[in-house]
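Can you walk me through a couple of the sheets and one helix in this protein? Please keep it friendly for a first-year student.

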Amino acid sequence: MCALPPGFISTRDVLDERLTGPEVRRLELAHGNEELLYGLDVLGLAGPFYRVTPWELEDERGVRRINASGYAAMPFGEMPEAITAFMAEFLHKNRAMGLPQQSSGPWRAALQANLVRLLARELPSHAESQVFFCSSGTEAIEGALKFAKAWRPRSKFQISFASGYHGKTLGSLSLTPNPEYQDIFRPLVPGALTSPYGDLDALAALIRRVGPDNVTCVVVEPIQGEGGVNIPPPGFLRGLGELCRKHGIPVIADEIQTGLGRTGHWFESAAQGLDPDIITLAKPLGGGMTAVGATIVRAPIYKKMLGGLSSKRHSNTFGGGALAMAVGLKSLEYLIEQNLPERSRTLGAQGLSRLQAVQRRFPGLLEDVRGQGLLLAMQFRPMVGVPLPAALKEIVFEATAILALRELHGAGVMANLSLSSKRTVRLTPALDMPQDVFATLLDRVEAFAQTHPNARDLLLKTPPQVTARLASFAARSPKKRTPSDG
């Protein structure tokens with residue numbers, strides 16, 4: 001056996017934590033997404049971080065923080081024992097083919113069946129639906145768009161909603177109306193149209209204007225996550241479904257962030273009265289340990305694209321791989337056995353109530369709080385309170401959330417930014433986070449608010465050298481910013 005060449009890093013170096021924090025950051029800056037890592041390093045958020053419990057991480061200095069980040073992809077926290085113990089058993093016992101692309105596979109078969117059964121409990125019309133697996137949420141959306149286009153091949157337009165987010169591959173990006181991310185990639189996939197979120201009359205008018213037969217699909221998040229946890233008005237999703245059904249337009253429900261318990265329901269679209277034709281899932285399905293995406297499609301639509309000799313029109317090398325399917329199956333099993341949607345609903349109500357109390361107490365810091373289940377959001381006041389030109393206003397909005405993230409980090413809470421809502425920071429804790437840890441998380445948010453009673457304190461408490469480095473970093477690569485109300 002040959003030794004690794006000089007300068008190569010061994011698995012043992014990493015596993016035994018011989019790679020120091022500064023060395024990790026140096027390598028990331030040299031060979032990875034340098035700009036992102038540099039910005040995080042300036043803020044003191046670059047890590048690396050290490051697991052203490054599934055719900056707590058520590059940095060290289062041993063400082064512990066409660067993890068409410070992960071963008072809803074960590075349903076059971078970091079390296080949850082229920083999943084890791086099962087993975088060890090799988091690796092020891094499994095004999096099924098690892099990548100059964102040209103054959104049936106027991107793990108894929110089991111997960112397909114369980115997902116359809118779970119969905120059919122909420123929406124009986126999906127009892128005969130079929131599943132296509134991939135490795136991410138944006139791939140699930142790409143597949144959904146192709147299924148819809150195959151169903152209505154002569155149509156020209158796909159409709160999504162303002163402040164929505166569906167991913168960053170080209171098709172999903174085309175339906176993510178955010179110039180900040182679309183800018184240099186134009187021309188995008190043609191035919192993407194945007195309608196105001198929550199406005200059923202505007203959607204109906206748009207469909208009339210372009211002609212119902214020209215609409216390939218309507219893509220909607222039941223609650224907009226990256227938009228800042230925007231919850232549509234009652235009846236919007238039900239009305240959307242009725243409108244599209246009247247015209248034969250397929251509805252794609254993007255449940256990548258909201259599905260499988262995060263909002264307190266198995267499927268948020270179903271809870272709001274929508275019976276979509278296609279549902280996309282990802283994030284929690286991988287249990288925080290592997291990459292799994294799924295597109296669940298009504299059987300006639302599925303067969304229209306992948307029927308007969310056309311069954312290879314759409315494929316995915318790693319989708320349906322045994323390890324990913326096994327972890328997905330175990331994640332789904334754990335969600336059911338622990339009744340985590342119900343727990344998310346209960347904890348989420350407690351969390352929203354606490355955040356609302358903090359907002360009432362510190363209105364100079366928090367303009368609004370929103371939430372459904374354990375998808376919670378805090379919208380901050382701008383840290384500069386005077387009227388500003390539009391371009392400068394967007395920079396201030398973004399800086400407000402970034403500095404709020406930094407100060408929350410200092411208070412012992414790891415949170416998420418919101419890509420399409422500049423002043424909004426989200427909390428997406430594990431659905432099985434213990435009650436006492438969740439209470440401590442909220443205590444720390446309240447303590448953070450007490451020391452930053454006004455949004456301007458976010459700037460005043462940031463060391464001048466950090467502010468200067470951030471300003472220099474922002475000026476280094478100007479970008480087109482998306483107009484927003486926060």
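Here is a short tour of two sheets and one helix.

This is a predicted model, where local features need pLDDT of at least 70, side-chain atom pairs count only at pLDDT 80 or more, and totals for chains, interfaces and linings use all residues. Residues are numbered from 1 along each chain as its sequence is written, and side-chain values use heavy atoms, with hydrogens and water left out. Helices (H or I, at least four residues) and strands (E, at least two) are DSSP runs, numbered from the N terminus.

**The antiparallel sheet**
- Four strands make an open sheet in the order 11-12-15-14, with antiparallel pairing (two strands pair if DSSP finds at least two bridges between them).
- Strand 11 (366-372) and strand 14 (416-417) sit at the edges with a single partner strand each, so one side of each has no neighbour in the sheet.
- Strand 14 is joined to strand 15 (residues 424-427) by two bridges, and Asn-416 stands opposite Arg-426.

**The mixed sheet**
- Another open sheet of four strands runs 1-2-3-13, with mixed pairing.
- Its edge strands, strand 1 (50-53) and strand 13 (413-414), each pair on one side only.
- Strand 3 (residues 64-67) pairs with strand 13 in the parallel sense over two bridges, and Ile-66 stands opposite Val-413.

**Helix 10**
- Helix 10 (residues 236-247) has buried residues (under 20% relative accessible area, 1.4 Å probe, protein chains only), including Phe-236, Leu-240 and Cys-244.
- Right after helix 10 comes Gly-248, with a positive phi near 70 degrees.

Terms used:
Buried means under 20% relative accessible area, exposed over 50%, partly exposed in between (1.4 Å probe, protein chains only).
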